[in-house]
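The following paragraphs lead the reader through a structure, beginning with its helices and ending with its backbone geometry. Please keep the sequence and the model in view while reading.

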Amino acid sequence: MYFYGTTGINNQGHLEIGGVDTVQLAKEFGTPLYVYDVALIRERARGFKKAFEEQNVKAQVAYASKAFSTVAMVQLAEEEGLSLDVVSGGELYTAIAAGFNPAKIHFHGNNKSREELEMAIDHQIGCIVVDNFFEIELLKTICQEKNAKVNILLRVTPGIEAHTHDYILTGQEDSKFGFDLQNGQAEKALKIVLKEKQFNVLGLHCHIGSQIFETTGFLLAAKKIVNKLAEWRDQFSFEAEVLNLGGGFGIRYTKEDEPIQPSQYVSDIIKEVKSLTNQLSLKMPEIWIEPGRSLVGDAGITLYKTGSSKEVPGVRKYLAVDGGMSDNIRPSLYQAKYEAVLANRPLDPVNETVSIAGKCCESGDMLIWDLPLPEPGYDDILAVFCTGAYGYSMANNYNRIPRPAVVFAENGQATLVVKRETYEDIVRLDLPLT
Ligand SMILES: *Cc1c(COP(=O)(O)O)cnc(C)c1O
């Protein structure tokens with residue numbers, strides 16, 4: 001059994017997290033329930049920040065809030081001195097509602113609407129990551145109307161696509177995001193934005209992928225960008241103050257995953273950028289990173305109650321829980337894998353292999369295939385690990401299933417941070433025929 005952070009087994013022989021008994025949590029708040037190990041989120045945040053501080057490198061660690069965006073989470077990010085990435089008006093609204101310092105908010109997205117950009121400018125957020133030529137024009141117009149000046153980063157695609165265990169070098173990147181670095185688009189964009197007095201061009205941004213377990217992709221991206229920066233200094237006297245290398249740092253979902261330490265990514269990146277800028281006599285830019293999954297992913301678990309089971313003789317046994325793709329769509333969306341235990345008796349001998357099914361009307365609504373478990377009964381509590389990122393944030397009301405509650409656990413205290421949806425919530429926006 002592999003435990004993350006403060007997760008462990010208490011005196012009652014139950015799974016505990018943040019010093020709180022998960023069986024008690026299921027009883028008090030109901031299931032399905034997302035529970036977060038707050039101390040582990042803090043530890044991860046501090047790990048990234050410390051790695052920069054130790055080397056005296058100016059940096060911003062921006063939490064990519066799409067991984068798990070709620071008022072309490074945004075406030076926790078602020079407590080830990082993180083900046084914040086948002087990719088929509090809704091995420092921006094959440095940040096503002098949480099009282100997050102707007103100067104430390106960065107706005108991403110390949111199709112920000114006029115209303116979203118206006119909202120960002122009205123709140124004077126820290127920077128807008130400009131994605132395409134259309135957006136340059138739109139943002140320019142809005143800034144002129146509002147007589148505003150904004151900090152921007154240009155999002156570029158450096159021709160590196162990183163995946164879990166490998167990376168692909170592409171000549172011209174086939175991506176919906178950003179300006180291509182190699183076909184001249186990025187340079188064309190830079191020329192335009194440097195001329196506009198509405199823009200303060202801070203530097204460049206790239207994001208090469210997700211669930212990445214090596215530093216190679218980040219280093220290659222840094223190299224391509226810094227080389228370009230040297231050309232642009234010579235051509236346009238432009239020197240970037242900020243180099244944002246995005247997020248995508250991998251975490252351990254199952255024993256097949258072997259992540260490296262957050263500090264390792266950071267120190268490798270710093271080393272590479274220092275050496276490149278030295279060689280090219282460029283000034284060392286601030287380095288910004290944008291971890292989402294790696295800040296909250298392994299800090300979250302989901303508690304379910306077990307229900308019906310079905311044996312397909314000679315094939316497998318299905319065990320259904322009281323949630324599924326409505327609270328965790330990742331297994332059906334991209335075959336994501338998880339580990340789980342029975343939270344009410346994690347130490348019982350494992351003597352069965354069951355496949356955990358959700359309760360939605362989709363054959364593809366499976367949470368875990370072939371999970372070794374003690375023979376489960378009715379109303380056991382199943383704890384699925386590592387559901388902290390892209391779980392709640394992708395939750396939906398398919399089959400009109402209310403979305404679960406979210407609890408923060410820390411130092412023996414459980415705090416409800418998102419209420420469970422009710423059936424009234426489900427029909428709240430529906431209008432009857434008149
Ligand atoms: C999704 C995203 C991130 C965060 O990715 P993780 O894999 O959760 O770390 C960071 N930056 C950008 C631009 C993203 O789109």
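Helices (H or I, at least four residues) and strands (E, at least two) are here DSSP runs, numbered from the N terminus. The model under discussion is a predicted one.

With that naming in place, helix H2 may be considered. Helix H2 covers residues 38-54. At 1.5 Å a residue, its 17 residues should span 24 Å, and the end C-alpha atoms are indeed 24 Å apart, which agrees. A residue counts as buried if 20 or more other C-beta atoms lie within 10 Å of its own, and as exposed if 12 or fewer do. The buried residues of H2 are Val 38, Leu 40, Ile 41, Arg 44, Ala 45, Phe 48, Ala 51 and Phe 52. After H2 comes Asn 56, which has a positive phi, near 55°.

Helix H8, residues 216-236, can be read in a similar manner. For its 21 residues, at 1.5 Å a residue, the expected span is 30 Å, and the separation of its end C-alpha atoms, 30 Å, agrees with this. Within H8, Gly 217, Phe 218, Ala 221, Ala 222, Ile 225, Val 226, Leu 229 and Trp 232 are buried. These buried residues lie on the same side of H8, because they cover an arc of only 150° around the axis. Exposed residues Glu 231, Asp 234 and Gln 235 are carried by the face of H8 turned away from its buried side. Ser 237 follows H8, and its phi is positive, near 50°.

The surroundings of the ligand come next. The ligand is surrounded by 17 residues, of which the closest are Ala 64, Ser 210, Gly 247, Gly 292 and Arg 293. Sorted by class, this shell holds 5 nonpolar, 8 polar and 4 charged residues.

An unreviewed UniProt entry places the feature "modified residue: N6-(pyridoxal phosphate)lysine" at Lys 66. This lysine, Lys 66, belongs to the loop between strand E5 (59-64) and helix H3 (71-79). Lys 66 counts as buried because it has 21 C-beta neighbours inside 10 Å. Not counting residues up to four places away in sequence, Lys 66 touches Val 87, Glu 91, Gly 292 and Ser 393. Of these contacts of Lys 66, Gly 292 is also listed among the residues closest to the ligand.

The unreviewed UniProt entry also lists Arg 293, Arg 330, Tyr 334, Glu 362 and Tyr 390 under "binding site". These five positions span 98 residues in sequence, and the farthest two C-alpha atoms are 26.6 Å apart, so they do not all gather at one spot. Two of the listed tyrosines may be set side by side. Tyr 334 is part of helix H11 (residues 330-334), and it is exposed, because 9 other C-beta atoms lie within 10 Å. Tyr 390, by contrast, sits in the loop between strand E21 (381-385) and strand E22 (405-410), and it counts as buried, with 23 C-beta neighbours inside 10 Å. Leaving aside neighbours within four places in sequence, Tyr 390 is in contact with Ala 67 and Arg 330. Arg 330 is itself one of the listed "binding site" positions.

The loop between E21 and E22 also contains Asn 397. Asn 397 is exposed, since 12 other C-beta atoms lie within 10 Å of its own. Apart from neighbours within four places in sequence, its contacts are Ser 326, Arg 403 and Ile 426.

Some points of backbone geometry remain. Most residues other than glycine have a negative phi, and most peptide bonds are trans. Cys 386, again in the loop between E21 and E22, has a positive phi near 65° although it is a residue other than glycine. With 25 C-beta neighbours inside 10 Å, Cys 386 counts as buried. Asp 379, in the loop between strand E20 (366-373) and E21, likewise has a positive phi, of about 70°, and is not a glycine. Asp 379 is exposed, having 12 other C-beta atoms within 10 Å. Finally, the peptide bond that joins Thr 31 and Pro 32 is cis, with omega about -10°. Pro 32 is located in the loop between helix H1 (22-29) and strand E4 (33-37).

How values were computed. Residues numbered from 1 in each chain as written. Predicted model: local features only at pLDDT ≥ 70, side-chain atom pairs only at ≥ 80, totals over all residues. UniProt positions renumbered as here; feature names shortened; annotations may be inferred. Contact = placed C-beta atoms within 7 Å. Near = placed C-beta within 6 Å. Nonpolar A, V, L, I, M, F, W, Y, C, P; charged D, E, K, R; others polar. Expected span 1.5 Å × (residues − 1). Arc of directions from axis to C-beta.
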